[in-house]
Amino acid sequence: MKELDMTGIETPVALSSIPKFESQNSSISVNVTVYEGKELIPIYTSKFCNQRPHHANLMLLSKGDNFHYTLVTNLSRLVGGSTHHNGMTFVCPYCLHPFRYKHCLQNHLPECSQHPAQTVTYQEEGKNILKFDKIQRMFPVPFALYADFESLHLPENTYTVAFVVRVYQNFPSMITKFTRILETVSYRNF
Ligand SMILES: [Zn+2]
């Protein structure tokens with residue numbers, strides 16, 4: 001603790017004080033994750049990830065108004081339980097997605113680091129269906145046109161680099177068009 005500059009920062013350190021901590025301790029970056037609803041959710045990701053000599057992954061544990069940080073020493077093991085992969089993975093500190101290969105994570109990081117901490121959530125069953133209900137935004141049309149374009153998906157080449165990459169080409173095979181003149185003016189959305 002003697003080496004850390006905690007000037008003006010109360011302990012336990014609130015999440016909102018972590019940017020101040022990082023600005024006062026220029027060799028350290030910090031990420032914070034919580035475990036909620038059986039999911040790991042990154043709630044604070046440092047903009048200095050992979051740029052500073054020391055990085056700390058913390059998990060925030062809370063009960064009521066009390067909270068405590070615990071150090072995560074191995075993100076791969078923490079995230080590993082949610083994957084089918086048995087070996088070590090390379091985990092994105094921003095979205096906690098585990099990658100099998102280090103170069104895949106390195107390709108992913110420049111894009112993912114542009115965004116704040118994020119996680120994927122899905123709507124509950126029963127609330128996960130979208131329906132068109134903006135009838136007032138539809139336009140009247142005298143006919144309807146249905147078209148379908150089919151192609152054959154044929155393999156072209158196979159390359160072996162670090163792993164197998166299959167290249168396919170789409171060959172057009174059929175085009176179908178069906179025009180229906182509507183007897184009464186119907187409404188279609190565009
Ligand atoms: Zn990511």
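The dialogue below works outward from the overall fold to H55 and the strands around it, in a model that is predicted.

Student: How many helices and strands does the protein chain have, and which pattern do they follow along the sequence?

Tutor: As this is a predicted model, we read the elements from its computed coordinates. The protein chain has three helices and eight strands, and from start to end their order is α-β-β-β-β-α-β-β-α-β-β.

Student: What share of the residues counts as buried, and what share of the contacts joins residues at least 24 apart?

Tutor: Burial is counted from neighbouring C-beta atoms, with 20 or more within 10 Å as the cut-off. Of the 190 residues in the protein chain, 7% count as buried; among contacts between residues at least 6 apart in sequence, 41% join residues at least 24 apart.

Student: Where does H55 lie, and is H55 buried or exposed?

Tutor: H55 belongs to strand β3, which covers residues 54–63. H55 is partly exposed because 16 other C-beta atoms lie within 10 Å, a count that falls between the limits of 12 or fewer for exposed and 20 or more for buried.

Student: Which residues does H55 touch, once those up to four places away in sequence are left out?

Tutor: With those sequence neighbours set aside, H55 touches S29 and C49. The C-alpha atoms of H55 and V30 are separated by 5.8 Å, although these two residues are 25 apart along the chain.

Student: How do β1 and β3 run relative to each other, parallel or antiparallel?

Tutor: A pairing is read from its bridges and from the direction of the two strands. Strand β1, residues 28–36, is joined to β3 by seven bridges, and the two run parallel; within this pairing, V30 has A56 in β3 as its bridge partner.

Student: What joins β3 to β4, and which residues stand opposite each other?

Tutor: Strand β4, residues 66–72, is joined to β3 by seven bridges, with the two strands running antiparallel. L60 stands opposite Y69 in β4, while K63 stands opposite N66 in β4. The two strands form a hairpin with two residues between them, and G64 in the turn has a positive phi of about 65°.

Student: How many residues of β4 are buried?

Tutor: In general, side chains in a regular strand alternate between the two faces of the sheet. Here β4 is hardly covered, since the count of buried residues among its seven residues is zero.

Terms used: Residues numbered from 1 in each chain as written. Predicted model: local features only at pLDDT ≥ 70, side-chain atom pairs only at ≥ 80, totals over all residues. Helix = DSSP H or I, 4+ residues; strand = E, 2+ residues; numbered from the N terminus. Contact = placed C-beta atoms within 7 Å. Pairing = 2+ DSSP bridges.
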